[in-house]
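Me: I have a protein chain open on my screen and would like to talk it through with you. Could we go over its charged pairs and its sheets together?

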Amino acid sequence: GITWQEPPDAISLEEWLGQFTQNPRVMGVFQVLTTMSAGITNDELPAGEYIRYIKNMASVRRYGWVPGGSVNIIRALTRVVLANGGDVRTRSRAVRILVEEGVAKGVVLQELDGEVTVSAQAVLSNVGPSKTVELGGRDNFDFGYLKHLDITLKASPQILIFISSDRPLCDYPGILFLTESQRVLAIFNKGVLNPELSPPGKYLLEAGAFFSSSTPPYDLKKELELSIQDLRDNLPGFDEHGEILLASCYHSEWPIMRSWAGSNIPQKTPIENLYNVGDGVSPPGWWGSPGAMESARI
């Protein structure tokens, strides 16, 4: 699939793998890799899209966490913007994209003391394609684009659980993959490698879990209960020494990713000089954070 002929997108990764093995542990390994990266399950991911992702990510050799947390990536970007004469407004809300005769002209911001209009030669939107249409006014987008968006765009759900403990619940200094669990795919042992992220005197774990189906409706209570049971089954001493700090169910308007891997729409919109960036417009073979990065580069 990598060196000669990609499998077609007409079959799922699960169907493609099924030609070679029915071993549940092998399927479980691929389930972890798929859902951790794409937010969907093996039977929801096109087989060809998986191979394209493997090719694109072949050069990645290291994985890690940012000292002090991911907020430091944002702070570093902020310093670059400010150093180049830009402005960063963290207490402003975009309420409307200004469109005149089919061309994006700027953005209206809601600030603490009222609305402010910012004129621009181009507008880049990172709120997801659907919200971009809402901000730009649906009447300003052509019918074909709207139909493509409505048919193609499907949000990826996921559960993230943050756990504090008074002693380490896991001694592996990295990511523990669970290939035979009900919901939890991976446990990130951040508190060992990055102790400053943990509460004082505590150890921090993060668990990532998938939904039984990425298509709504969701039974959030059931999905969360099965995820917590996985933690009990795989982390000895969880009930005695662990405490759930936060359990987040990402879905619908606030998903883990705004479009399924392989369900892509272009960065360019029908409104001239208006572009989308982010994981809702990742190019083929790119997902998640790398996909968002590649969309911005394009």
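**Salt bridges and sheets**

Reply: Happy to. A search of the whole structure finds 14 salt bridges. Please keep in mind that this is a predicted model.

Me: Which residues are linked with Lys55 in a network of salt bridges?

Reply: Let's start from one pair: Lys55 forms a salt bridge with Glu6, with the closest N and O atoms 3.4 Å apart. That pair links distant parts of the chain, since Lys55 sits in helix α3 (residues 47–56) and Glu6 in the segment before α1 (13–17), 49 residues apart. Another salt bridge joins the side chains of Glu49 and Arg52, at 2.9 Å from N to O. The network that links Lys55 also holds Glu6, Asp9, Glu49 and Arg52.

Me: How far apart along helix α3 are Glu49 and Arg52, in helical turns?

Reply: Both residues belong to helix α3, and they are three residues apart. Because of that spacing, the separation of Glu49 and Arg52 is about one helical turn.

Me: Are Glu49 and Arg52 buried or exposed?

Reply: The cut-off to use here is that buried means under 20% relative accessible area. For comparison, Lys55 has a relative accessible area of 36%, so Lys55 is partly exposed. Glu6, at 27%, is partly exposed. Glu49 and Arg52, however, are both buried.

Me: What is the relative accessibility of Lys190, which meets Glu206 in a salt bridge?

Reply: The side chains of Glu206 and Lys190 meet at 2.6 Å, N to O. Glu206 lies in strand β8 and Lys190 in helix α7 (residues 190–193), 16 residues apart. Glu206 counts as buried at 8% relative accessibility. Lys190 counts as buried too, and its value is 16%.

Me: Now the sheets. Which strands stand at the edges of the five-stranded sheet?

Reply: This open sheet has the order β6-β7-β8-β5-β9, with antiparallel pairing. Each edge strand has a single partner strand, so one side of it is left without a neighbour in the sheet; the edges are β6 (175–177) and β9 (242–250).

Me: Which residue in β7 is the bridge partner of Phe177?

Reply: β6 and strand β7 (residues 184–188) run antiparallel and are joined by three bridges. Within this pairing, the partner of Phe177 is Ala186.

Me: What angle does the direction of helix α8 make with that of β5?

Reply: Two helices can be described against this sheet. Helix α2 (residues 24–38) packs on the sheet, touching β5 (158–165), β6 and β7, and its direction makes about 70° with that of β7. Helix α8 (residues 220–234) packs on the sheet as well, touching β5, β7, β8 (203–209) and β9. Its direction makes an angle with that of β5 of about 45°.

Me: In the sheet β1-β2-β3, what is the average twist from one strand to the next?

Reply: Three strands make up this open sheet, with antiparallel pairing. β1 (93–100) and β3 (114–119) stand at its edges. From one strand to the next, the twist averages 25°.

Me: Which residue in β2 stands opposite Ala94?

Reply: β1 and strand β2 (residues 103–111) pair in the antiparallel sense over seven bridges. Opposite Ala94 in β2 stands Leu109.

Me: One last thing: what is the area of the nonpolar surface patch that includes Ile73?

Reply: Ile73 has its place in helix α4 (residues 71–83). With a relative accessible area of 43%, Ile73 is partly exposed. Together with Val71, Ile74 and Leu77, Ile73 makes a patch of about 360 Å².

Key. Residues numbered from 1 in each chain as written. Predicted model: local features only at pLDDT ≥ 70, side-chain atom pairs only at ≥ 80, totals over all residues. Heavy atoms only, no water. Pairing = 2+ DSSP bridges. Helix = DSSP H or I, 4+ residues; strand = E, 2+ residues; numbered from the N terminus. Contact = heavy atoms within 4.5 Å. Axes fitted to C-alpha atoms, helices over the stretch in contact; angles between N-to-C directions. Patch = residues over 30% accessible without salt bridge, like charges linked within 9 Å, V, L, I, M, F, W, Y side chains within 5 Å. Areas by Shrake-Rupley, 256 points an atom, 1.4 Å probe, with all protein chains shown as cover. Salt bridge = Lys/Arg side-chain N within 4 Å of Asp/Glu carboxyl O. Buried < 20%, exposed > 50% of the residue type's maximum accessible area, 1.4 Å probe, protein only.
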